[in-house]
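This briefing walks through the fold of a single chain and then turns to a few individual residues. Please read it with the sequence and the coordinates at hand.

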Amino acid sequence: MVEAGALSGWKTAGGHRRIWQDSVDALLARGRTHGGTLRVLIVEDDKLLQTLYRETFSTWPIPLELNIVDHGLDALVELGREQPDLLITDLRMPGVDGFEMIRRLRANPLSSRTSIVVVSALSTKEIAASGPLPKDVTVYRKPIPFHELHGYIQALSAQRRRTRDGA
């Protein structure tokens, strides 16, 4: 990354890299703002619903970078690789389910800025019995309420722009 110009640094006499902290901070800040594009990770094991998410989101005039994965383990890998602005997840999935994925995500201080929306067929009572989910998680019932999601994403996008622009 130093040779590519993404980070400022130098080589020691022994050939080790040393990177300026403010260069790392600037890179992280650029990564959080995404040039105005909102990063959205969707975790849904139903292929039909994945297609529905993809096609519906593509019609919205909001700059989105959409990534869809099948289950919680893939989501955790993606979350470790690059933090999205928004995670939309089902709760019942094979392997690592949504409950466990959210617990792991919220246990990591680096992912505290990621907003989480759950879209599930589970009732409030069923979620409470299996959860509870953190208080900052927004829960919607299936079928997918695209109208509410659209409003949520518009508000999140506006909030991120204000934060990025320092307003």
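Leaving aside residues up to four places away in sequence, E78 touches L41, N67 and V69. The model in which this is seen is a predicted one, and E78 itself has its place in helix α3. The points below start from that residue and its helix, and then move on to a second helix, the sheet, two further residues and the chain as a whole.

**E78 and helix α3**

- With a relative accessible area of 19%, E78 counts as buried, because the cut-off for that class is under 20%.
- The side chain of E78 is joined to that of R81 by a polar contact of 2.6 Å.
- N67, one of the residues that E78 touches, is 11 residues away from E78 along the chain, and the C-alpha atoms of the two are separated by 9.0 Å.
- The buried residues of α3 are G72, A75, L76, E78 and L79; they cover an arc of only 165 degrees around the axis, which puts them on the same side of α3.
- G80 and R81, by contrast, are exposed on the other side of α3, so that R81, the polar partner of E78, belongs to the exposed class while E78 is buried.
- The partners against which the buried residues of α3 pack are β3, β4 and α4.

**Helix α4**

- Helix α4 spans residues 98–107, and within it G98, F99, M101, I102 and L105 are buried; seen down the axis of α4, these residues fall within an arc of 165 degrees, so they line one face of the helix.
- A general point helps in reading such patterns: an α-helix has 3.6 residues a turn, so residues three or four places apart point the same way.
- The buried residues of α4 pack against strands β3, β5 and β6 and also against helices α3 (72–81) and α5 (124–130).
- At the start of α4, a side-chain oxygen of D97 reaches to within 3.2 Å of the backbone nitrogen of F99, and F99 is itself among the buried residues of this helix.

**The sheet and helix α2**

- The chain contains an open sheet of 5 strands in the order β4-β3-β5-β6-β7, and the pairing is parallel.
- Its edge strands are β4 (64–69) and β7 (138–141), each of which pairs on one side only.
- Averaged over the sheet and with direction ignored, neighbouring strands are turned by 20 degrees against each other.
- Helix α2, made up of residues 47–58, packs on the sheet and touches β3 (38–43), β4, β5 (86–89) and β6, while its direction makes about 175 degrees with that of β4.
- Strand β6, residues 115–120, runs parallel to β7 and is joined to it by 4 bridges; across this pair, V119 stands opposite Y140 in β7.

**S120 and R113**

- S120 lies in strand β6 and counts as buried at 2% relative accessibility.
- Not counting residues up to four places away in sequence, S120 touches D90, L91, Y140, R141 and K142; Y140 is also the residue that V119 faces across the strand pair.
- R113 lies in the loop between α4 and β6, and at 44% relative accessibility R113 counts as partly exposed.
- The C-alpha atom of R113 is separated by 8.8 Å from that of P84, although the two residues are 29 residues apart along the chain.

**The chain as a whole**

- The secondary structure comes to 6 helices and 7 strands, which follow one another from the N terminus as β-β-α-β-α-β-α-β-α-β-α-β-α.
- The chain has 167 residues, of which 38% count as buried.
- Among the contacts in the chain with a separation of 6 or more, 61% come from residues that are 24 or more positions apart.
- The chain exposes about 9,700 Å², and carbon and sulfur atoms supply 54% of that area.

Methods: Residues numbered from 1 in each chain as written. Predicted model: local features only at pLDDT ≥ 70, side-chain atom pairs only at ≥ 80, totals over all residues. Heavy atoms only, no water. Pairing = 2+ DSSP bridges. Helix = DSSP H or I, 4+ residues; strand = E, 2+ residues; numbered from the N terminus. Axes fitted to C-alpha atoms, helices over the stretch in contact; angles between N-to-C directions. Contact = heavy atoms within 4.5 Å. Buried < 20%, exposed > 50% of the residue type's maximum accessible area, 1.4 Å probe, protein only. Areas by Shrake-Rupley, 256 points an atom, 1.4 Å probe, with all protein chains shown as cover. Arc of directions from axis to C-beta. Polar contact = N/O pair within 3.5 Å; in protein donor to acceptor, adjacent residues only side chain to side chain.
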